[in-house]
Structure formats: C-alpha cells, structure tokens
Amino acid sequence: MSAASSVAGRSAAMTVWPQLERLLPQVSKPIQYVGGELGAVVKDWESAVVRWALMYPDAYEVGLPNQGVQILYEVLNEQPDVLAERTYAVWPDLERLMRAEGVPQFTVEAHRPVGAFDLFGISFATELGYTNLLTAIDLAGIPLLAADRTDEHPVVLAGGHAAFNPEPIADFLDAAVLGDGEEAVLEITEIVRTWKEEGSPGGRDELLLRLARTESVYVPRFYDVDYLPDGRIRRVVPNRADVPFRVHKRTTMDLDAWPYPKKPIVPLAETVHERYAVEIFRGCTRGCRFCQAGMITRPVRERSITTVGQMVQEGLEYSGFSEVGLLSLSSADHSEIGDMCSGLAEQYAGTNVSLSLPSTRVDAFNIELAQELSRNGRRTGLTFAPEGGSERIRKVINKMVSEEDLIRTVVTAYTNGWRQVKLYFMCGLPTETDEDVLQIGRLAHEVIKAGREATGSRDIRCTVSIGGFVPKPHTPFQWAPMERPEVIDNRLKLLKQAINADRALGRAIGYRYHDGEPSLIEGLLSRGDRRVGAVIRRVWEDGGRFDGWSEHFSYRRWVDAAAEVLPAFGVDLDWFTVREREQAEVLPWDHLDSGLDKEWLWQDWQDALTEYEQDDCRWTPCFDCGVCPSMDTEIQIGPTGKKLLPLTPVNTGLRMAAGAGH
C-alpha cells in the first residue's frame, strides 16, 4: 500500500506524530525516530516560503553524523523564510507498520510528511543507498518515476559524491547537484522562492528549466541518451535548446566564510561517530588513481588555523562532545597541522577533550603529531591506509608510500603509547596478482616485529582491513575492468592463511575483509547508465533495502534482477563490471563536468599500466589536470603564519561538566 493517502495536500503539513507514536513500541531502537536532539531546529511551517526535507539514505545511527547534511541543514535554517528538516531511512520493521497504517515518510524534527515539502534533497556517499532512496520516495507518496510527478510533489534532488554519476537513478530524480552544496542550496532556494512568489508560472517544468539554466544543476529529463548497436552510448544530448550541453560542479572556494556546523546536532541514540568534526581542508592533490573523492574535490582549499580554533571552541561549548575530529581526505597534509594540533592540545590540556585525525597519510605522521594527539592521555584509534601490499601495486595506484615509511610510522605510534593500529588495503586493483595481495601479510608481520622490538612489549596489535576495489567515475580507473568476486575471495583466503602461517605473529594481527560480491554490485551502480535504473527498481520491488549493510545485502537478488532486466538492452552484469573501456567510448557521465580533463585522466590510466608515479602538484609544477583553469580556481594552502588564538586554557571544571551532561 502506498502512503500517499496520508499526505492530504502540500499545505496541510500536519504532524504524523500521533499515528507514528503508536507504532514505536513495536520496533527496535524507537528513539531514532523521536527527534528533539540538541541542535535540531523546528520552525513555523506557515512562515516559511521554501521548505527542504534533507535525507542521508541510511539509518539514523549512520546518517546523523554526516557532515554534508548537517552543514546544509544549518545553512538553510539560518535563512529567515526557509525551513529545513531531516529524514533518514526507516528500518524494515517500521516500514512494514507504516505501510499497514498509512503513515508516510516523515521528518524527525516535527514529524511532517516528506511529500509536503518543496524540495526533497538526498545526499549520497555511496551508491548502495539507492534502494533506500526508492523506499523513501514511495513511503512519502511521491511517484517513483520523475516523469509521473506533478506540481503537487517535491522536487527530488540528489547530491554527494555518488551524484557525480546520477545516471543509474536518473529516472527517479528530478535533479542532481555536482560538488559543494553550501552556495548551491542557497541558489536553488532563491530560484524556488522567486518561482513561487511569481505564482509558479509554467508549473514543475518551468521550475526545473530555471534550475537547469544555472548550468550547475543537472535535470536528467532534459537530456536524451542514444545507444550504439553494441550497447555503448552513442551520445547524450539536451532535448531543449535552452539547456547546457555540459553541467559543471560547484566549488566553494573560501571555507573560512562557511564555518559550519556551528551548532552540531547531538544524537539521542548511539551513532557511528560521536564527536565534533571540523573539516580542516577540502580537496586533495595526492593523485591516488582509485580515489574519486580526491579527484572530484580538487582543488585543495584550506581552512585557516584561526577559523579551525574558533569552530572547535564554539562547537565544543555548544555540544559537550569530548572528541574533536579534524577531518579531510588526508588531515596531516594541512600546511599548519603541527601548530593546529599543538595549539588545540594546549588549549584543552587537563580536560577530557581528545583530538583525532581520522584519515592520516603514512608519510605525513610524525613524532610531534603523535605526542600532540596523545597529550591528554586518551588515544583515539589510528588508521593508516597503504592501500596496496606490494611496492609495485602502490606505484600502479599512485600511493607513494614505501615499506620503510609505513614501518617507521607505525613504530612511532607504538612508541608513543598506542597499542593498536589499523592498516587499510584494497583487493581487486587493476593489474593485481595473488602475490601483490600476499605481500599484505608479510607487511603486517614486519609491522608487528618492528613494534615489539621498538617497545620491548608483546602487547601490541594491528588490524588488517581489506576493502574491494570499485572503479569510480571521474578517476583514471574509470576505464578499468573489475575482478570477479571468486578471484577476490580466493586471494583473501590465501592472505588469511599467509597471516596465520606464523602463529606467534599472526595472533597479534586482526583480519577484517569485505568479500568481492558487494563490490561488484557497487561497480555496476557506480559506472552504470540509465538502463541500470530498471535493475535497481527490480531489486527494490523484490525487497532490497539497506544494501550497504552486509546482513541485508543479497548478491543473488542483484544478479537475478540484472539477468532478468539487462538482456532486453543487449547488455549484462559483466558488460558493466568486468569489461575494460576503450578511450573513445562515451562514458555515461561525460556530460557532467568535474573539472578534470578526460585526456589527462586517460593519460594517467596509461601511466598506471606502466607503473609510473605522479607527484603531488601542491609542491611541484602543474600537471594540467584541468581543474584550476576550467573552474577559474587555484590551489589554496597556507601557512598563514598565525598561531591558534586565543590560547587561553579552557576552564577545566566547566568543560568536565559539559562533557558529563552529554
């Protein structure tokens, strides 16, 4: 049963709380649906001109800490006539009850039906959230297909990293935004506000046309895709004269002008991260060939040390969190990271506040950093990502880390009091052999041996964590074939045997891995085109939900759906995943401009095959990737020469009380 019957028109945004409250005693973790967190904003419905429902398409515990949604939520709610509320994916137990009782998808702030909002914005970090998108749209009483929606329905808008190829979900989306959202959501809000104030001329079609004309909002319905007889794309062209041929990504250049979140949302239920997170810079120029985030967020833009200090001070005072996460793709690469960490450690000395760098490059971690991060006696987890086990495969992926670097870095951590480090690798990389993967085991053994020798203690451990490689759009590996799941699973089995071959060392090494099957499906979704939408819909109709969770993911369901749907188009699952692309092939996302020159990406793919390493262009001459000239931007790095001010120690008693309150 659709929940549409519960949405009695756009204006009647009544709360569904009375109906929902009756269902909550029957579900697990009901607190995640209640709302009322510190930092949540409830505004008057009638006084808002533009209303946004923002979603991270996963459970509350994963979605609430998402930095992107929290930033947009605050940016929008600062506007006096704009209202933004949050919604998350509901677990299957509540979904069943909502369908039975006619309760629609709701926001957690005021439990308003999502179908009553003007805009329904979904932020995708991973493609495995696509089935949850369909659940939310359907529960909201919004037609699944964008073509079936009327002026009465919200504009369904995607953002986030996975929106850089929205083609697999193009049939379900009204629009997608590429790149940074801070300025984009305000521009979209202004377009909707003006259109509504003018009396909504031309209806939904005119509104979408106005969004498309910005050249930074992609509206799939205004583009037609033609295919060649062999299944490849012939061309993607606008079907209207006033729509741009290419859609460009948004880049927020001055991060100091956008110091969000200022008032982080403090969860009521347990979540995956409970900390005040500050993004210290955006973008990366290390050039790891597998890393979509590093490619699509170029150029590097640093937040100044003074802004970071101010954000940490205000964020902690507001929230009562006791951990500060200094976030970026490679936090230790900030040009002032040393002063930043020592300044913060000084400021919060004697309190219960700890610092963490969730992503740390092996060659950027040093003794000073280790000492500052452990100054308060609390050591948060340390994760290093060599990504490849052998020197050869690290050259292929351009991860310029030597074995000596890795061992020296991990020993530094052990000698500074850490007893546990995590090493992250990938399996299934281009040109990879069994031997490349077995080298991971040898490396882990060397790490434990060196750590024991340096500390004189046998009480040290490392966890080897392995993820499956997925080729992503807008990276040099966008042309690469994937490895079959059975090959990856066999390599992981051989690796486990190699780690445990030496019992004395093996027992100090934890081993966590993701098998090859979810990676293959993520590969289908990441490089798919519009034809894959029919597979997603079939999986969803067959009960597919929460595909990012191993306990809910069904490989068989995806394989069966692909076998049922794709042959009608003359393609199959292998065609999208294990097939290598040619240089001349039109890729599904070629009309979506990440700023990177396709010729440069192709050359870097050829360099990978010859194991040629590319330097970091922050410290060397430009390699002409295309971003800076095409986006009229430039790399922004310090140092500013400033220290973290004011460096007055925080009142210890006051901080402890705040922490206890949280």
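## The second largest pocket

By class, the residues lining the second largest pocket split into 8 nonpolar, 5 polar and 5 charged. This is a predicted model, and the pocket in question has a volume of about 260 Å³. If you want to find the middle of the pocket, start with R246, W589, D590, H591 and K598, which are the closest to its centre of the 18 lining residues.

Which elements give two or more residues to that lining? They are strand 8 (233-238), strand 19 (592-593) and helix 21 (598-609). Strand 8 gives the most, with 3 residues.

## Helix 13 against helix 14

Next, a helix pair. Helix 13 covers residues 403-415 and helix 14 covers residues 434-455; their axes come within 9 Å and cross at roughly 40°. Roughly parallel is kept for angles under 35 degrees, so helix 13 and helix 14 count as oblique to each other. Their crossing is right-handed.

On the helix 13 side, the contact is made by E403, L406, I407, V410, V411, Y414 and T415. Helix 14 answers with R442, L443, E446, V447, I448, A450, G451, A454 and T455. Sorted by class, the residues of this contact come out as 10 nonpolar, 3 polar and 3 charged.

## Helix 9 against helix 10

Helix 9 (residues 305-319) packs on helix 10 (residues 337-347) at an angle of about 30°, and the two axes are 10 Å apart. How do these two helices lie relative to each other, roughly parallel or roughly antiparallel? They are roughly parallel, because angles under 35 degrees count that way. The crossing of helix 9 and helix 10 is right-handed.

Here the helix 9 residues are I305, V308, V312 and Q313, and they meet D339, M340, L344 and Q347 in helix 10. By class, that contact has 5 nonpolar, 2 polar and 1 charged.

## Helix 6, helix 7 and the loop between them

Helix 6 (residues 182-197) and helix 7 (residues 203-212) pack with their axes 10 Å apart, at an angle of about 145°. Which hand does the crossing of helix 6 and helix 7 have? It is right-handed. From helix 6, the contact takes in I188, I191, V192, T194 and W195, while helix 7 supplies G203, R204, E206, L207, R210 and L211. The class split for this contact is 6 nonpolar, 2 polar and 3 charged.

The loop between helix 6 and helix 7 is where you will find S200. Have a look at its backbone: S200 has a positive phi of about 55°, although it is not a glycine.

## Two cis peptide bonds

Where does P261 lie? It sits in the loop between strand 9 (247-248) and strand 10 (276-279). The peptide bond leading into it, from Y260 to P261, is cis, with omega near -5°.

P299 also follows a cis peptide bond: the one from R298 to P299 has omega near 0°. This proline is placed in the loop between helix 8 (292-296) and strand 12 (301-302).

Key:
Residues are numbered from 1 along each chain as its sequence is written. This is a predicted model: local features need pLDDT of at least 70, side-chain atom pairs count only at pLDDT 80 or more; totals for chains, interfaces and linings use all residues. Side-chain values use heavy atoms; hydrogens and water are left out. On a 1 Å grid over the protein atoms alone, a cavity is a set of points where a 1.4 Å probe fits but cannot get out, and a pocket is an open set with protein on both sides within 12 Å along at least five of seven lines; lining residues have an atom within 4 Å of a point. Grid points are joined across faces, edges and corners, and a volume is the space filled by probe spheres set on the points. Helices (H or I, at least four residues) and strands (E, at least two) are DSSP runs, numbered from the N terminus. Ala, Val, Leu, Ile, Met, Phe, Trp, Tyr, Cys and Pro count as nonpolar, Asp, Glu, Lys and Arg as charged, and the others, Gly among them, as polar. Axes are lines fitted to C-alpha atoms, for helices over the stretch in contact, and angles run from 0 to 180 degrees between N-to-C directions. Angles under 35 degrees count as roughly parallel, over 145 as roughly antiparallel, 65 to 115 as roughly perpendicular and the rest as oblique. A crossing is left-handed if the near helix is turned anticlockwise from the far one by less than a right angle, and right-handed if clockwise. Contact means heavy atoms within 4.5 Å.
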